[in-house]
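Reader: I would like to learn how the words used for a protein model are earned. Could we go through them one by one?

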Amino acid sequence: MNFAPLPSVDVAGVPADALVLDVREADEWAAGHAEGALHVPMSEFGARFGEVTEAVADGRRAYVMCRVGGRSAQVTQYLVQQGIDAVNVDGGMQVWEAAGRKVVDGQGGPGTVI
């Protein structure tokens, strides 16, 4: 079989107004996430898939992110198989934070990546 490479982008390639889909678990999200991101943990993805399809209904690209890129790669692959325009964010939240992109906690204050 011939598989297409997983679509991916580095943190610098994520537009400021992008739909960031964070698939980390609740404790990771609460500690720190990209401001304005949609949180659908990988462990709840099947049950909450409708939230994702609703968010991309207007044809928006989903920029999928986890801590370092493993979980988000799996979710990106699934979304692409469903015909959704999705890309994996290389390096995940660790690189996002290191690049100086805004990270907020569950209350909207300064966050940190765990």
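**From values to words**

Author: Before we begin, please keep in mind that this is a predicted model. In strand β2, which covers residues 19-22, Leu21 has Val64 as its bridge partner in β5.

Reader: What makes β2 and β5 a pair of strands?

Author: Two strands pair if at least two bridges are found between them, and β2 and strand β5 (residues 62-65) have four bridges in the parallel sense, so they count as paired. On β4 (residues 38-39), β2 has two bridges, again parallel, and here the bridge partner of Leu21 is Leu38.

Reader: How do you know that β5 pairs with β6?

Author: The same reasoning applies. Three bridges join β5 to β6 in parallel, and the rule asks for at least two, so the two strands are a pair. Within this part of the sheet, Ala62 stands opposite Ala86 in β6. Strand β6 also has two parallel bridges to β1, where Ser8 stands opposite Asn88.

Reader: What is the order of the strands in the sheet?

Author: The order is β1-β6-β5-β2-β4, five strands in an open sheet with parallel pairing.

Reader: Why are β1 and β4 said to stand at the edges?

Author: Each of them has a single partner strand, so one side of β1 (8-9) and one side of β4 are left without a neighbour in the sheet. Across β2, β5 and β6 lies helix α3, which runs at about 170° to β6.

Reader: Why is Asp22 called buried?

Author: Buried means under 20% relative accessible area, and Asp22, which is found in strand β2, has 1%, so the word applies. Its side chain makes a polar contact with the side chain of Arg24 at 2.8 Å, and since the limit for such a contact is 3.5 Å, that value lies within it. Leaving aside neighbours within four places in sequence, Asp22 is in contact with several residues, among them Trp29, His33, Met65 and Met93.

Reader: Which way do the residues of β2 point?

Author: Leu19 and Leu21 point one way from β2, while Val20 and Asp22 point the other way, and all of them are buried. In β6, Ala86 and Asn88 point one way and Val87 and Val89 the other way, and these are all buried too.

Reader: Why does Asn88 count as buried?

Author: Asn88 lies in strand β6 (residues 86-89), and its relative accessible area is 5%, which is under the 20% cut-off, so it is buried. Asn88 and Met65 are 23 residues apart in sequence, yet 6.4 Å apart in space, C-alpha to C-alpha. Neighbours within four places in sequence aside, the contacts of Asn88 include Leu6, Pro7, Val64 and Thr76.

Reader: What makes Glu28 buried?

Author: Glu28 lies in helix α1 (residues 26-31), and with a relative accessible area of 9% it falls under 20%, so it is buried. Not counting residues up to four places away in sequence, Glu28 touches Arg67, Arg71 and Ile114.

Reader: How many aromatic pairs are there by the rule used here?

Author: The count comes to three aromatic pairs. Phe49 and Tyr78 form one that is edge-to-face, with 5.6 Å centre to centre and 75° between the planes. The pair links distant parts of the chain, with Phe49 in helix α2 (residues 49-55) and Tyr78 in helix α3 (residues 70-81), 29 residues apart.

Reader: Why is the pair of Phe49 and Tyr78 called edge-to-face?

Author: Rings pair if their centres lie within 6.5 Å, and planes over 60 degrees apart count as edge-to-face; the centres of Phe49 and Tyr78 are 5.6 Å apart and their planes make 75°, so both conditions are met. Phe45, Phe49 and Tyr78 form one aromatic cluster.

Reader: Why is Tyr78 described as partly exposed?

Author: Buried stops at 20% and exposed begins over 50%, and Tyr78 has 35% relative accessibility, so it counts as partly exposed.

Reader: How do you know that the charged end of Arg101 is close enough to count as sitting over the ring of Trp96?

Author: The distance limit is 6 Å from the ring centre, and the charged end of Arg101 sits over the ring of Trp96 at 4.2 Å from its centre.

Notes:
Residues are numbered from 1 along each chain as its sequence is written. This is a predicted model: local features need pLDDT of at least 70, side-chain atom pairs count only at pLDDT 80 or more; totals for chains, interfaces and linings use all residues. Side-chain values use heavy atoms; hydrogens and water are left out. Buried means under 20% relative accessible area, exposed over 50%, partly exposed in between (1.4 Å probe, protein chains only). Contact means heavy atoms within 4.5 Å. Rings of Phe, Tyr and Trp (its six-membered ring) pair if their centres lie within 6.5 Å; planes under 30 degrees apart count as stacked, over 60 as edge-to-face and the rest as tilted. A charge sits over a ring if NZ of Lys or CZ of Arg is within 6 Å of the ring centre and within 35 degrees of the ring normal. Axes are lines fitted to C-alpha atoms, for helices over the stretch in contact, and angles run from 0 to 180 degrees between N-to-C directions. A polar contact is a pair of N or O atoms within 3.5 Å; within protein, one must be able to donate a hydrogen and the other to accept it, and residues adjacent in sequence count only if both atoms are side-chain atoms.
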